[in-house]
Amino acid sequence: MKALVWNGVNDLAVETVDEPTIVNPHDVIVKVVISTTCGSDLHFIDGYLPGMREGDIIGHEFMGEVVEVGRDVTATKVGTRVVVPSFIACNSCWYCDHDLYSLCDTTNPNAELQRPILGAPTAGIYGYTHPFGGYAGSHAEYIRVPFGDVNCFAIPNFVSDEQALFMSDAVPTGYMGADFCDIAGGDIVAVWGAGAVGLMAARSALLRGAGRVISIDRVPDRLTMAEYLGAETINYEEVDSVQEMLAEMTGGRGPDAVIEAVGMEAHGTGAQQVYDRAKQALRLETDRAAPLREAILACRKGGVVSVLGVYGLTDKFPMGMLMNKGLTLRTAQQHGQRYIPQFFDYVAQGDLDPSVLITHDLPLDDGVAAYDMFKNKTQGCIRVALRP
């Protein structure tokens, strides 16, 4: 089959690889209908996350059709259209029992590779380095899904392929970020980043009862999309200070909650950006964390800081500000299995249409060009749908 593979830093290629097979009796084989680019992929493509090997199939956000099931799979049937969360859960360990699916203790066979980096292993994830399990990714014609009955969610007929696609990762990640904010009716929430996850975080905050949502970015097309989804916007390149602007917009107090949806390769301005780029280039830190610092500075006293961006080692973290303002810091990789069923209801009610994130629709053969366009934010790209 054909697949998009990683062959080195900033070196992707569409190649012919072996098709996946049933390995364990709970496995399912899914024929990929659509997969999509994701910003977190850029971190290992650019060489900031270790553990990739030449020939690894990338991609972790997808939907498709079940074509084969293992002998112990009972609920998932061949021919079913399914969406699959990017993190793999077993549904029987302590963490899965507590709805913390991305922290599953069972599904990462390479836990010993992750402990030195992150302190404790997470669940496995498709197409995302060997410390995260070494699983083959979704930018391929077929993919093996472990624990198929747990990780395959049948898509209702009223939900399109394109809407279901983002329920794999962008929607649950954004929704979880809003869930972490403990929103009370009328709260003001600020979201750093208007990529797909940030946009879904902004929309989710409104769905959960926020009175106002303010999206912060610098790309006009993304800010326009945020406004379409109901948010107010700030272009941080057009204001002297985002913190001062947010204070002005909130009567001097600051947002009740803030969501950081950018991650380790954030763009910034001024001396801080020069500092971060220099230290990152020298591998003295892994993160350009301007939005994270800014979010902590901007949040009102006693508020919530919800972090969705992928980070490693962050320098100049304002811990004193976090502590003295009495802020609550919440973060995790997304627990998709916990949230996916309610997204179908939001679509049915007309409150959510994740398909608006697709700005480009291309065959998998164009996967290399798709990631180049996505990485460099050319042609108004927010997300590329890739079809095998």
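## Close-up views of a covered helix and a parallel sheet

**View A. Helix α6 (residues 170-180) is mostly covered, with 11 of its 11 residues buried.** This is a predicted model, so please read every view with that in mind. The buried residues run from A170, V171, P172 and T173 through G174, Y175 and M176 to G177, A178, D179 and F180. Among the elements covering them are two helices, α7 (196-207) and α13 (336-348). Strands β12 (257-260), β13 (304-307), β14 (328-331) and β16 (383-387) also contribute to this cover. Just after α6, look for D182, which takes a positive phi of about 50°.

**View B. Six strands form an open sheet with parallel pairing.** Follow the order β11-β10-β9-β12-β13-β14 across the sheet. Strands β11 and β14 stand at the edges with a single partner strand each, so one side of each is left without a neighbour in the sheet. On average, neighbouring strands here are turned by 20° against each other, direction ignored.

**View C. Strands β10 (residues 212-217) and β11 (residues 232-235) pair in the parallel sense.** Their pairing extends over 4 bridges. To find your way between the two strands, start at D217, which stands opposite N235 in β11. Helix α8 (residues 220-228) joins β10 and β11 in making a right-handed β-α-β unit.

**View D. Strands β12 and β13 run parallel.** Here 4 bridges join the two strands. A handy landmark is E260, whose bridge partner in β13 is V307. Both strands also appear in View A, where β12 and β13 are among the elements covering the buried residues of α6.

Methods: Residues numbered from 1 in each chain as written. Predicted model: local features only at pLDDT ≥ 70, side-chain atom pairs only at ≥ 80, totals over all residues. Heavy atoms only, no water. Buried < 20%, exposed > 50% of the residue type's maximum accessible area, 1.4 Å probe, protein only. Contact = heavy atoms within 4.5 Å. Pairing = 2+ DSSP bridges. Right-handed = clockwise from strand over helix to strand, strands pointing away. Axes fitted to C-alpha atoms, helices over the stretch in contact; angles between N-to-C directions.
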